[in-house]
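Trainee: Please take a close look at the strand pairing in this chain. Which strands are joined, and what packs on them?

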Amino acid sequence: IPSYRNDIKVQVDLFEEVARVYGYNNIPSNTSFTFPSQSFLPDNEILDNKIRSFLSFNSFNEHYSNSLYSEDDCEINSLYKPVQLINPLSQDMKYLRNSLLPGVLRAISFNLKRGNNFIKLYELGNIHSYNAKSFNNANQHKHLMLAWVGDEIKHWKNSYIQDIYSMKGEIKHLFDVMNIK
């Protein structure tokens, strides 16, 4: 490979370059293509993507919060014991998060302080818990948190009222879409 060609790094890049110079139309096509069925992998994100699509289509905004928490943030959830980092960045980022609640509450506070009085947020992410019986002393759990703030959004055509029944309906609709009883 010539030294001035910094775009060619691996063997496949060289194959592509030869095919380009030779001409793609000069390479005969192969109509019998086989591959092992073991090459297919299950899509572990399919349910997450389905949830994200549903919530986004129903006016929710996705929130991503930091996965490193302070000791005070970890005290919110006593169900999961937090995992402490060996070499933390700071005292405010000493633990892996054991709840999505502190991050969502910060996002709501941020929006309310800026005059946004109608909020629909969700966060879908991993939380961690300490487990002395586990090989690596940590367990990871996938959680979903939904948040509604405000009761009415005014629109020139008609207002959207948000109450406990509309929230219940949105949750029920989410469960129906996910086939959860």
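**The two sheets**

Mentor: Strand β3 is joined by 2 bridges to β4 (residues 95-96), and the two run antiparallel. Strands here are DSSP runs of E, at least two residues long, and helices are runs of H or I, at least four, both numbered from the N terminus; two strands pair if DSSP finds at least two bridges between them. The model is predicted, with local features needing pLDDT of at least 70 and side-chain atom pairs pLDDT 80 or more, while totals for chains, interfaces and linings use all residues. Numbering starts from 1 along each chain as its sequence is written, and side-chain values use heavy atoms, without hydrogens or water.

Within the β3 and β4 pairing, Val83 has Leu96 of β4 as its bridge partner. The sheet that holds these strands is open, has 3 strands in the order β2-β4-β3, and is paired antiparallel. Its edges are β2 (68-69) and β3 (83-84), which have a single partner strand each, so one side of each is left without a neighbour in the sheet.

Another open sheet also has 3 strands, in the order β1-β5-β6, but here the pairing is mixed. β1 (61-62) and β6 (138-149) are the edge strands, and each of them pairs on one side only. Strand β5 (residues 119-130) runs antiparallel to β6, and 12 bridges join the two. One place to look at in this pairing is Glu123, which stands opposite Met145 of β6.

Two helices can be described against the β1-β5-β6 sheet. Helix α2 (residues 46-57) lies across β1, β5 and β6, and runs at about 155 degrees to β5. Helix α5 (residues 164-177) packs on the sheet as well, touching β5 and β6, and its direction makes about 140 degrees with that of β6. Contact means heavy atoms within 4.5 Å; axes are lines fitted to C-alpha atoms, for helices over the stretch in contact, with angles from 0 to 180 degrees between N-to-C directions.

As for the whole chain, the protein has 5 helices and 8 strands. Read from the N terminus, the elements follow the pattern α-α-β-β-α-β-β-α-β-β-β-β-α. The radius of gyration (over C-alpha atoms; globule rule 2.2 Å times the number of residues to the power 0.38) is 25 Å, well over the 16 Å that the rule gives for 181 residues, so the protein is more spread out than a compact globule. Its C-alpha trace spans about 65 × 55 × 40 Å along the principal axes.
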